[in-house]
Amino acid sequence: MKVCPRCGAERELEEFARDASKASGFKSFCKACDNEKSRRYYEANRERKLAKMAERREALRGGDHRGRRRFGRPRSGPHAAART
Ligand SMILES: [Zn+2]
């Protein structure tokens, strides 16, 4: 049995995910806590990412890249030649 320091519950070792990098061979938090932890991390990370993307979008809209439109219509090419 092993006590999860997060939820304080005493659980069977199989309730803890394996982690080869840990001396004990198991993660210190139980699977339930670990899942929640990584979910929160993921959510926090996602929000940060979204915020960053919005920031960049604002910067682009600010006019710094006004000259960088898509390429204009091709002036020459098979169609232009065929029309003459
Ligand atoms: Zn726990």
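Good morning, colleagues. I begin with Phe 16, which, once residues up to four places away in sequence are set aside, touches Lys 2, Arg 11, Phe 26, Lys 27, Cys 30 and Lys 31. I should say at once that what you see above is a predicted model.

Let me remain with Phe 16 for a moment. This residue belongs to strand S3, residues 16-18. Is Phe 16 buried or exposed? Phe 16 counts as buried because it has 22 C-beta neighbours inside 10 Å, and the cut-off for that class is 20 or more. In terms of backbone distance, the C-alpha atom of Phe 16 is separated by 8.6 Å from that of Cys 4, a residue 12 positions apart from it along the chain.

Now to the overall architecture. The protein has 84 residues, of which 4% count as buried. Its secondary structure amounts to 2 helices and 4 strands, and the order along the sequence is β-β-β-β-α-α. Considering contacts between residues at least 6 apart in sequence, we find that 16% join residues at least 24 apart.

A word on confidence is in order. The mean pLDDT of the protein is 86, with 74% of residues at 70 or more. Where is confidence lowest, and where is it highest? The lowest mean, 64, falls in helix H2, residues 78-82, whereas the highest, 96, falls in strand S2, residues 10-11.

I turn next to Val 3, in strand S1, which spans residues 2-3. Val 3 is exposed, because 12 other C-beta atoms lie within 10 Å; the exposed class takes in counts of 12 or fewer. Beyond its neighbours within four places in sequence, Val 3 is in contact with Gly 8 and Glu 10. Its C-alpha atom is also separated by 8.6 Å from that of Ser 28, and these two residues are 25 apart along the chain.

Gly 8, one of the contacts of Val 3, sits in the loop between S1 and S2. With 8 other C-beta atoms within 10 Å, Gly 8 is likewise classed as exposed. Between Gly 8 and Phe 29 the C-alpha to C-alpha distance is 9.5 Å, for a sequence separation of 21 residues.

Finally, I come to Asp 34, which is found in helix H1, residues 31-64. Which residues does Asp 34 contact, leaving aside its neighbours within four places in sequence? They are Ala 17, Lys 27 and Phe 29. Lys 27 therefore appears in the contact lists of both Asp 34 and Phe 16, as contact is defined here by C-beta atoms within 7 Å. Asp 34 and Ala 17 are 17 residues apart in sequence, and their C-alpha atoms are 8.2 Å apart in space. As for its surroundings, Asp 34 counts as partly exposed, because it has 17 C-beta neighbours inside 10 Å.

To close, I would set two residues side by side: Phe 16 is buried, whereas Asp 34 is partly exposed. Thank you for your attention.

Terms used
Residues numbered from 1 in each chain as written. Predicted model: local features only at pLDDT ≥ 70, side-chain atom pairs only at ≥ 80, totals over all residues. Contact = placed C-beta atoms within 7 Å. pLDDT = per-residue confidence, 0-100.
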